[in-house]
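Colleague: I would like a close look at a single part of this model, the sheet. Please take me through how the strands are arranged and what packs on them.

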Amino acid sequence: MISTRFLGSVALALVVSGCSLLQPPPEHSSGPAEPIWPEVLDAPITAHSWDRTDKSRTVFGQTQVIRSRDSDTFSDIARTYGLGYDELKYANPQVDPWLPGVDTEIVLPTRFVLPEASHEGIVLNIAAKRLYVFSEASDQHPVNVTTYPIGIGRVGWATPTGEATVIAKAKDPAWYVPASVRKEHREAGDPLPAVVPPGPDNPLGRHVLKLDMPGYLLHGTNQPYGVGMRVSHGCVRLYPEDIETLYSDTPRGTPVTIVNQPVVVGWFDNQLWMTAYPLLEDDDRTEAELLAETLAYLADRHGIALDESGAEAISEVISASSGIPVRLQQSEWLVDTAVPVENVAAPPADAPSREEVAELLDALMQESDEGADSGAP
């Protein structure tokens with residue numbers, strides 16, 4: 001069950017035949033309705049990996065909701081639950097990411113719809129700021145799907161779309177600072193050396209996968225609070241614990257597909273699901289064009305033709321862009337149900353304060369620490 005505050009804020013229970021919004025009930029003297037929280041909460045889902053025994057299934061996971069504590073920030077919550085910072089912001093637009101308050105409901109968008117792509121190797125959807133890994137099937141094991149949040153290129157240094165291959169791997173790499181980045185830092189009064197050796201000051205972290213897309217890397221970071229945001233000069237960064245696993249599981253020659261899909265559609269249990277993310281700032285499509293693309297895709301790929309009210313419903317899902325799946329059931333688009341779970345979020349022992357993290361993120365948004373023409377040594 002999920003709170004009426006959340007349902008009212010995202011406004012995503014949409015009736016295809018009439019496009020009526022689900023609104024919270026009127027407030028009474030006792031205040032707005034509260035969700036029913038069980039006395040004993042389930043353990044949360046913090047790792048996102050599933051066996052894909054049904055090839056037609058393209059929706060995995062379960063949306064969750066926690067109650068915040070005084071010490072929580074979105075950065076700490078995101079990392080604990082395998083999410084990116086922006087994903088939490090999209091799903092909880094009414095909540096202060098630095099001071100959410102005590103017992104504030106935080107929706108965890110941990111149900112995922114796979115992007116439209118060849119589901120093999122590594123697939124990145126930069127609109128969702130998320131990476132998917134597909135293992136190879138065998139007689140003993142089905143395909144496994146694992147997903148991680150990613151940081152991507154900021155405006156002016158966009159992560160490109162297209163096909164690539166992992167051609168090299170490096171552990172504890174040195175960073176050979178590109179001339180363009182050295183010039184940028186020099187002009188900002190923050191000169192960089194030509195080479196940054198391995199260690200805590202290396203922005204590539206401890207693991208790097210090099211692509212045959214010239215100059216682009218999948219790598220860790222020494223500033224994990226920027227994962228899930230647009231903060232790089234084009235490369236893709238992951239949490240240190242995620243890139244370590246990806247590094248171990250990814251052989252050279254693995255195919256990599258990078259797409260930009262703000263709307264993703266998939267199937268689970270004979271129900272159609274859809275998730276919408278905000279358009280990237282430098283994506284020149286309009287919401288109207290995105291709506292037209294989505295309606296054409298539903299008609300051409302899934303044989304679903306929506307009338308005017310149905311198109312209006314899809315338009316509202318796109319406008320909300322919450323990153324929370326909706327599903328089509330008996331002619332209604334229904335917001336996903338979030339399961340109340342235990343809040344286990346905790347910052348690392350050496351984590352900076354929330355004020356320091358806020359300053360770090362602000363600095364990351366102003367400039368990045370790696371260049372699009374950088375490469376693994």
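Modeller: The sheet is open and has nine strands, in the order 2-9-8-7-18-11-14-15-17, with mixed pairing. Its edges are strand 2 (49-52) and strand 17 (236-237), each of which pairs on one side only. Helix 5 (residues 240-249) packs on this sheet, where it touches strand 7 (121-125), strand 8 (130-134), strand 9 (143-149), strand 11, strand 14 (207-211) and strand 15 (217-219). The direction of helix 5 makes about 55° with that of strand 14.

All of this comes from a predicted model. The mean pLDDT of the protein chain is 84, and 85% of its residues reach 70 or more. Two stretches call for caution: pLDDT stays under 50 over residues 1-33, and also over residues 368-377. The model has 75 contacts beyond four places in sequence for residues 1-33, and 46 such contacts for residues 368-377.

Back in the sheet, strand 11 (residues 162-171) pairs with strand 18 (residues 255-259) in the antiparallel sense, over four bridges. A164 has V256 of strand 18 as its bridge partner.

For detail at the level of one residue, take T146, which lies in strand 9. T146 has a relative accessible area of 14%, under the 20% cut-off, so this residue counts as buried. Its side chain makes a polar contact of 2.9 Å with the side chain of N144. Beyond its neighbours within four places in sequence, T146 is in contact with H48, S49, L131, Y132 and V133. Of these contacts, S49 falls in edge strand 2 (49-52), while L131, Y132 and V133 fall in strand 8 (130-134).

Conventions: Residues numbered from 1 in each chain as written. Predicted model: local features only at pLDDT ≥ 70, side-chain atom pairs only at ≥ 80, totals over all residues. Heavy atoms only, no water. Pairing = 2+ DSSP bridges. Helix = DSSP H or I, 4+ residues; strand = E, 2+ residues; numbered from the N terminus. Contact = heavy atoms within 4.5 Å. Axes fitted to C-alpha atoms, helices over the stretch in contact; angles between N-to-C directions. Buried < 20%, exposed > 50% of the residue type's maximum accessible area, 1.4 Å probe, protein only. Polar contact = N/O pair within 3.5 Å; in protein donor to acceptor, adjacent residues only side chain to side chain. pLDDT = per-residue confidence, 0-100.
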